[in-house]
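The following paragraphs lead the reader through a protein chain, with attention to its sheets and to its backbone. Please keep the sequence and the coordinates at hand.

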Amino acid sequence: MRTKPALLLTALLCLSMTKAPAGVTRTFDISGHQYGYTITPFPFSVRAGDTVVIRATSSDVVHGLAMTPYITDALTLVPGETVTRTFVADTAGHFPFGCTNFCGEFHFAMQDTFSVYSPDTPSPAISSLAPMSGPVNGATVAINGSNFSRNTKVYIGGIGAPSAFINATQIYALASPHAPGVVPVMVVNADGQSAAVNFIYEAPPAPPRRRAVK
Ligand SMILES: [Cu+2]
């Protein structure tokens, strides 16, 4: 499955912390292709009780999408058209789905998973970064907070960052080289709940001024 963290970031830039209460409507754009689905936003997961709106299309040939028990009459994904389906995700669990329209040699591999989490799942929070700023050529950053897990993903400046889970209160992440400025450091748990704080890439010191030679 391919992800689009930049789009996810766009939705979250203006929020320092997002917590989706049970019973909200979540919309996902799904584009089928040989041989997988591109799903925005990522992760493709909600909390039990949420209403899910799927807007599906194809970027190449005709595909299908069926997912027991939520989509039993398969959607047909046609290039240039969008088909919409709405359902209430009332049962928690992990739900495999896949292509129902033979679409080529690896049709059988066109599979993915939708997850529904208990509404009681706590949301992550970030209390601090260490350091809060770093050089433009990159830095290792400790993210301190709560409710992290092994499946927590880290995005820095909208880009997926290599990270190491230490425990529920700490993750290390690698801030790649970046232009000077402020970027969000965001953690996203498997159920889609997220938190973000800012990290500052510091401009390198100006080179020493040379004295005019007379
Ligand atoms: Cu297919």
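In this predicted model, Thr140 stands opposite Leu174, a residue of strand S17. The two strands concerned, S13 and S17 (residues 170–175), run antiparallel and are joined by 6 bridges. They belong to an open sheet of 4 strands, ordered S11-S13-S17-S16, in which the pairing is antiparallel. Strand S11 (125–130) and strand S16 (163–167) occupy the edges; each has a single partner strand, so one side of each is left without a neighbour in the sheet. On average, and with direction ignored, neighbouring strands of this sheet are turned by 25° against each other.

Strand S13 (139–146) also leads to a backbone feature, since the loop between S13 and strand S14 (153–156) contains Asn147. The phi of Asn147 is near 65°, a positive value in a residue other than glycine. Most residues other than glycine have a negative phi. Is Asn147 buried or exposed? With 16 other C-beta atoms within 10 Å, Asn147 is classed as partly exposed, because the count falls between the limits of 12 or fewer for an exposed residue and 20 or more for a buried one.

A further open sheet is built from 4 strands in the order S3-S2-S5-S8, and here the pairing is mixed. At its edges stand strand S3 (36–40) and strand S8 (83–88); each of them has a single partner strand, and one side of each is therefore left without a neighbour in the sheet. From one strand to the next, the twist averages 25°. Within this sheet, S8 pairs with strand S5 (residues 51–58) in the antiparallel sense over 6 bridges. Ala56 is found opposite Val83 of S8.

The loops on either side of S3 deserve separate attention. Between strand S2 (25–33) and S3 lies the loop that holds Tyr35, and the peptide bond from Gln34 to Tyr35 is cis, with omega near 5°. Pro41 lies in the loop between S3 and strand S4 (45–47). The peptide bond from Thr40 to Pro41 is likewise cis, with omega near -5°. Most peptide bonds, by contrast, are trans.

Finally, how confident is the predictor in this chain, and where does pLDDT stay under 50? The mean pLDDT of the protein chain is 88, and 88% of its residues reach 70 or more. Over residues 7–21, however, pLDDT stays under 50, and for these residues the model has 25 contacts beyond four places in sequence.

Definitions and conventions. Residues are numbered from 1 along each chain as its sequence is written. This is a predicted model: local features need pLDDT of at least 70, side-chain atom pairs count only at pLDDT 80 or more; totals for chains, interfaces and linings use all residues. Two strands pair if DSSP finds at least two bridges between them. Axes are lines fitted to C-alpha atoms, for helices over the stretch in contact, and angles run from 0 to 180 degrees between N-to-C directions. pLDDT is the predictor's confidence in each residue, from 0 to 100. Two residues are in contact if their C-beta atoms, placed from the backbone, lie within 7 Å.
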